[in-house]
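Me: I should like to understand the terms used to describe this structure. Please set each term against its definition.

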Amino acid sequence: MKLMGWMKTTFAGVLSIGVLLSSAAAQDTPQDPTVTASTPRERQIELALSAAPAEVSSKATVYVLGPKGYEKAREGAGGFSCFIWRSFKETKQVSASPACFDAEGSRTLMVTVMRREELRAQGKSEAEIKDDIARGYKDGRYNAPGPGFLYMMSNANYFYDSEAKQWGAVPPHVMFYAPNKTVKDVGYESKSPTMVPYLTGDGPEALMVVMAKKPAEDSFSGDSHKH
Amino acid sequence: MSAKIIKAAVIAAFMLLVAPCSPRPAQAQDAKAPYPAMAPLDGYLMADRDAEIALAKSAAPPALSSDANVLVLEKDGYHTAIEGKNGFTCVVERGWMSPLDSTDFWNPKLRGPICYNPAAVRSILPYTILRTKLILSGLTKDQMVEKIQTELAGGLLPLPEPGAMSYMMSKNQYLGDGPKHWHSHLMFHLPRSGAASWGANLDGSPVVVDTDHHEGPEPETIFMVPVDHWSDGTSAVHNDSASH
């Protein structure tokens, strides 16, 4: 994979993530991969389901963006929740990431993800949203996750590189919940591709990111739910 | 390679340093195993102390392992060879850290370089140190398991801390006569849980859990994630066919 560069963005003003772009992935990236409430419902569902292996996503509860925030498109079983995770830098959307939380993430982090979109739909600023989430953790409305991980295995996971001023694709990865862990717990601050895992986010929403070894082509031929 | 195939390779060939399993099947298999009993102690020790240190540190990228605490194995257990300053500890684990029914349990050639992060140093490494000490003191597998269970029940051993993980990214690892160096991988040590609820061991999932062995006294489930490079930065992508 030819390295093109790193991009850094923010997740809802709380999390940050460094991701690796490949030149090939960048070329394949749609010019505008943003997802909004007007994105067709079926397209949102398709993208959400692409985040995890079929055995997970086929049984997951699926959420789609609507005019008031996330809406449940399908009730699942087993506790997994799939949706398109968005982040913003001020008013600009800087990510559109299909994600599937396990039961623990669905019980905890998913609540804050939904709250963020609810507030965005109400016209709140990212700063106001950040404050609301911080207050929620303090007053007990939100809880840090226990052990578990989430899938971001979709080939349609896009982040905006504000330095290069272009969108790029993020390689498939998983993220383990690591509340209140810091870079000291992974040993380094670098976010190079040979330094795994790396830490993203902080406080109760810290995550250990592992760019997973790509499965063989016969078992991974595109979107992760298509096999 | 799908997670199921990876898992099959893991189970069939042996696997790393996962939670031990029921001692009874292990004892029953010992008679047929290529290594039915403990070999002479010298076979497990590394005469070259510097080589053991280097092998231990090779488990993780130098940016991490260069400042890590390093333990080396001596006749009575692990001892500190290098005082680290970043909270990590690197060590070369031996065959007795594998599942009790592994044919490589007493394999003196087995070398499992591993670096634990601070949370794992506090909550996982104590089991490596204790298990090793008990084995080297002459206890049987059953006695070793019983001792760990007793200490755990008495609150003398920790539970896995949130964020406990370890690195097994050495291309010089020898994880058994079958898999040899298997995959470069990370391990996340979580409180015991059924793998199904975590979405591991599924086609297309990079997350692997050894569910074919019985759980032992250590109160953890290990989630393994193969990565595409070794600790020295070289590619491990094409290692699959070569490693087993």
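**Helix crossing and core**

Reply: In this predicted model, H6(B) passes H7(B) in a right-handed crossing.

Me: What makes H6(B) and H7(B) oblique to each other?

Reply: The axes of H6 (residues 125–136) and H7 (residues 141–153) of chain B cross at roughly 140 degrees and come within 10 Å. Angles over 145 count as roughly antiparallel, and 65 to 115 as roughly perpendicular. The angle of roughly 140 degrees belongs to neither class, and the two helices are therefore oblique to each other.

Me: Which residues make the contact of H6(B) with H7(B)?

Reply: H6(B) contributes Tyr127(B), Leu130(B), Arg131(B), Leu134(B) and Ile135(B), while H7(B) contributes Met144(B), Lys147(B) and Ile148(B). By class, this contact holds six nonpolar and two charged residues, with no polar ones. Arg and Lys count as charged.

Me: How do you know that Cys100(A) touches Phe80(A)?

Reply: Two residues are in contact if their C-beta atoms lie within 7 Å. Leaving out residues up to four places away in sequence, Cys100(A) touches several residues, among them Ala51(A), Val56(A), Phe80(A), Cys82(A), Leu150(A) and Tyr151(A). In the largest nonpolar core, of 112 residues, Cys100(A) and Val174(A) touch the most other members.

Me: How many of the residues of chain B count as buried?

Reply: Of its 244 residues, 56% count as buried; the term requires 20 or more other C-beta atoms within 10 Å. Chain B comprises eight helices and seven strands.

Note on methods. Residues numbered from 1 in each chain as written. Chains lettered and ligands numbered in written order. Predicted model: local features only at pLDDT ≥ 70, side-chain atom pairs only at ≥ 80, totals over all residues. Core = buried A, V, L, I, M, F, W, Y, C linked by C-beta atoms within 7 Å. Buried ≥ 20, exposed ≤ 12 C-beta atoms within 10 Å, placed from the backbone. Axes fitted to C-alpha atoms, helices over the stretch in contact; angles between N-to-C directions. Helix = DSSP H or I, 4+ residues; strand = E, 2+ residues; numbered from the N terminus. Parallel < 35°, antiparallel > 145°, perpendicular 65-115°, else oblique. Left-handed = near helix turned anticlockwise from the far one by under 90°.
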